[in-house]
Amino acid sequence: MSENTVAPLPHVAIQVFSETSHVVAVVEEAASDRRMAKVHLRIQAGGVAAAVEAYRDAPTPNVIVIETTSDSRMLLEHLDELAAYCDEGTRVVVIGHVNDVPLYRELMRRGVSEYLVAPINVLGFIQALSEIFSSPTAKPVGRLIAVVGAKGGVGSSTIAHNLASTIATNLEVETVCVDLDLPFGTVGLDFNQDPPQGIMEAAFDPDRVDANMIERLLSKCTPRLQLMAAPSSLDRIYDFGDQTFEPVTDALRQTVPAIVFDVPHLWTGWSRNVLVRADEIVVVASPDLANLRNAKNLIDTLTLARPHDPKPRLVLNQVGVPKRPEISSAEFSKALDSPPLATFAFDPNLFGTANNNGQMIAEVQPKSKAQESFLDMAKVLMSRQEAKSAKKSILSALREKLGNRGGKSKAA
Ligand SMILES: Nc1ncnc2c1ncn2[C@@H]1O[C@H](COP(=O)(O)OP(=O)(O)O)[C@@H](O)[C@H]1O
Ligand SMILES: [Mg+2]
């Protein structure tokens with residue numbers, strides 16, 4: 001194995017559950033390797049049972065590595081339970097101490113990415129992780145959420161930025177917030193940063209965009225949040241081809257787990273294409289008639305253009321402006337054939353303070369209803385909560401049943 005054939009890992013989170021000092025030593029040495037520079041790597045003692053405990057109520061990282069010294073039946077039982085708590089896209093690697101072909105087959109059948117037999121070496125370990133993301137059949141690591149307003153000024157940028165910040169801080173997922181409003185974007189202002197105009201180079205030189213260039217265009221905002229800011233100047237004219245943002249989108253998807261696009265309120269070839277190619281679309285609307293019409297047109301058109309993807313989600317913002325007649329949430333839901341993913345009250349004090357100070361809502365009022373809604377949105381859009389609570393309820397019901405019969409209430 002040549003050292004240069006091992007591709008550097010993307011900006012992913014990896015949690016190792018170890019049972020022996022040998023694996024601890026290998027993982028600790030791997031952590032300082034250059035190919036692991038972008039990885040958030042954590043190690044914790046305890047095998048698969050510890051992993052089950054850890055993720056019963058918490059989001060799972062991109063990769064869970066489990067060392068096991070227990071027999072294969074126990075391992076498989078625990079892995080089945082763990083699978084119920086795993087978020088979509090989480091990969092599992094098992095390090096065992098026996099070269100057991102039937103076990104290997106069982107693990108592969110369950111979707112385990114790799115089975116390594118100890119003793120393992122540092123480069124072999126890194127390579128196994130690297131191949132999860134770099135093999136030709138690997139699914140891109142990134143999930144792209146595009147946020148767009150049904151009208152200008154409805155707060156779509158505010159929601160995009162707070163959503164990105166919440167995914168990074170609360171879900172602990174490495175996130176990039178990309179400002180596609182090149183002439184007027186507010187990413188820099190909203191995060192109180194003066195980042196380089198990352199998106200500009202990608203927009204004017206799309207053919208040169210690749211993984212290395214992406215790293216150069218990102219600027220760190222918080223430990224897990226990076227920005228790709230807009231120039232926000234009128235020195236140039238911003239006419240783009242339909243496909244201008246495809247290379248930057250694809251390159252980001254290869255390397256960052258969560259990508260939030262702040263898409264300006266436009267309907268051009270490129271803006272339509274950016275929306276159509278997203279994993280999730282959020283349409284932000286205020287409760288008036290033009291917003292209702294535009295939101296309906298956007299959601300209907302985009303649903304038709306991507307029949308095999310999730311339907312665009314509606315978010316109502318600036319609801320309850322004093323003395324303003326409004327269209328009710330119920331009427332919106334009826335016209336759009338789905339309830340809003342989140343509703344934000346008009347709160348000029350909270351949003352105005354955040355705006356003026358270049359702060360996120362979580363910094364101004366972490367316990368506010370608005371911040372709770374950003375967290376709910378983040379979980380759904382990163383496909384966290386829904387699946388987990390449904391699966392959990394089946395398991396906890398089972399456990400309660402066992403508990404009532406005098407059995408153990410908790411799986412060992
Ligand atoms: N729920 C809200 N209550 C009060 N003001 C809000 C709310 N949401 C956003 N705003 C304010 O509305 C203004 C426009 O927001 P912005 O995110 O730039 O809109 P857009 O990107 O849709 O044009 C900003 O000053 C922002 O602080
Ligand atoms: Mg905007």
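## Exercises on a predicted model

In helix α1, which spans residues 21-31, the buried residues are Val23, Val26, Val27 and Ala30. The model is predicted, and the exercises below are to be read with that in mind.

**Exercise 1.** Determine how the buried residues of α1 are arranged about its axis, and identify what they pack against.

*Solution.* Begin with the view down the axis of α1, in which the buried residues fall within an arc of 95°, so that they line one face of the helix. Turn next to the other side of α1, where Ser21 and Ala25 are exposed. Finally, look outward from the buried residues of α1, which pack against the strands β1 (13-18), β2 (40-45), β3 (63-67) and β4, and also against α5.

**Exercise 2.** Compare the end-to-end distance of helix α12 with its expected span, and then work out how its buried and exposed residues are distributed.

*Solution.* Helix α12 covers residues 289-305, and since its 17 residues should span 24 Å at 1.5 Å a residue, the 24 Å between its end C-alpha atoms agrees with expectation. The next step is to list the buried residues of α12, which are Asn291, Ala295, Leu298, Ile299 and Leu302. Seen down the axis of α12, these residues lie within an arc of 95°, and therefore they line one face of the helix. The face of α12 turned away from that buried side carries the exposed residues Leu289, Ala290 and Leu304. The cover over the buried residues of α12 includes α11 (269-276), β11 (280-285), β12 and α13 (329-336).

**Exercise 3.** Carry out the corresponding length check on helix α16, list its buried residues, and examine the backbone just after it.

*Solution.* Helix α16, residues 369-381, has 13 residues and reaches 18 Å from its first C-alpha to its last, which is close to the 18 Å expected at 1.5 Å a residue. The buried residues in α16 include Ala370, Gln371, Ser373, Phe374 and Leu375, and further along the helix Met377, Ala378, Lys379 and Leu381 are buried too. Just after α16, serine 383 takes a positive phi of about 45°.

**Exercise 4.** Describe the shell of residues around ligand 1 by its members, by the elements that supply them, and by its polarity.

*Solution.* The shell consists of 18 residues surrounding ligand 1, and the closest are Gly155, Ser156, Ser157, Thr158 and Phe351. The elements that contribute two or more residues to this shell are α6 (156-169), β12 (313-319) and α14 (348-357). Of the shell around ligand 1, the largest share, four residues, comes from α14. Sorted by character, the residues of the shell divide into five nonpolar, 12 polar and one charged.

**Exercise 5.** Locate the unusual backbone geometry at proline 119, serine 232 and aspartate 337, and assess the exposure of serine 232 and aspartate 337.

*Solution.* As a reference, most residues other than glycine have a negative phi, and most peptide bonds are trans. The peptide bond from alanine 118 to proline 119 is cis, with omega near 0°, and proline 119 is found in the loop between β5 (114-117) and α5 (122-134). Serine 232, although not a glycine, has a positive phi of about 50°, and its place is in the loop between β9 (225-228) and α10 (246-255). Because serine 232 has 17 C-beta neighbours inside 10 Å, it counts as partly exposed. Aspartate 337, likewise not a glycine, has a positive phi of about 65° and lies in the loop between α13 and β13 (342-345). With 12 C-beta neighbours inside 10 Å, aspartate 337 counts as exposed, given that the exposed class takes 12 or fewer.

**Exercise 6.** Characterise the relation between the two assigned domains, and then place glutamate 172 with its contacts.

*Solution.* The domain assignment gives domain 1 (7-134) and domain 2 (143-381), and 34 Å separate their centres, taken over C-alpha atoms. Seven residues of domain 1 are in contact with eight residues of domain 2, and the residues on the side of domain 1 that touches domain 2 divide into four nonpolar, three polar and no charged. Glutamate 172 lies in the loop between α6 and β7 (175-179), where its 15 C-beta neighbours inside 10 Å make it partly exposed. Leaving aside its neighbours within four places in sequence, glutamate 172 is in contact with Ala13 and Arg224.

How values were computed
Residues are numbered from 1 along each chain as its sequence is written. Chains are lettered from A and ligands numbered from 1 in the order in which they are written. This is a predicted model: local features need pLDDT of at least 70, side-chain atom pairs count only at pLDDT 80 or more; totals for chains, interfaces and linings use all residues. A residue is near a molecule or strand if its C-beta atom, placed from the backbone, lies within 6 Å of it. Ala, Val, Leu, Ile, Met, Phe, Trp, Tyr, Cys and Pro count as nonpolar, Asp, Glu, Lys and Arg as charged, and the others, Gly among them, as polar. The expected span of a helix is 1.5 Å times one less than its number of residues. A residue is buried if 20 or more other C-beta atoms lie within 10 Å of its own, exposed if 12 or fewer, and partly exposed in between; C-beta atoms are placed from the backbone. The arc is that of the directions from the helix axis to the C-beta atoms. Domain bounds come from an automatic or database domain assignment.
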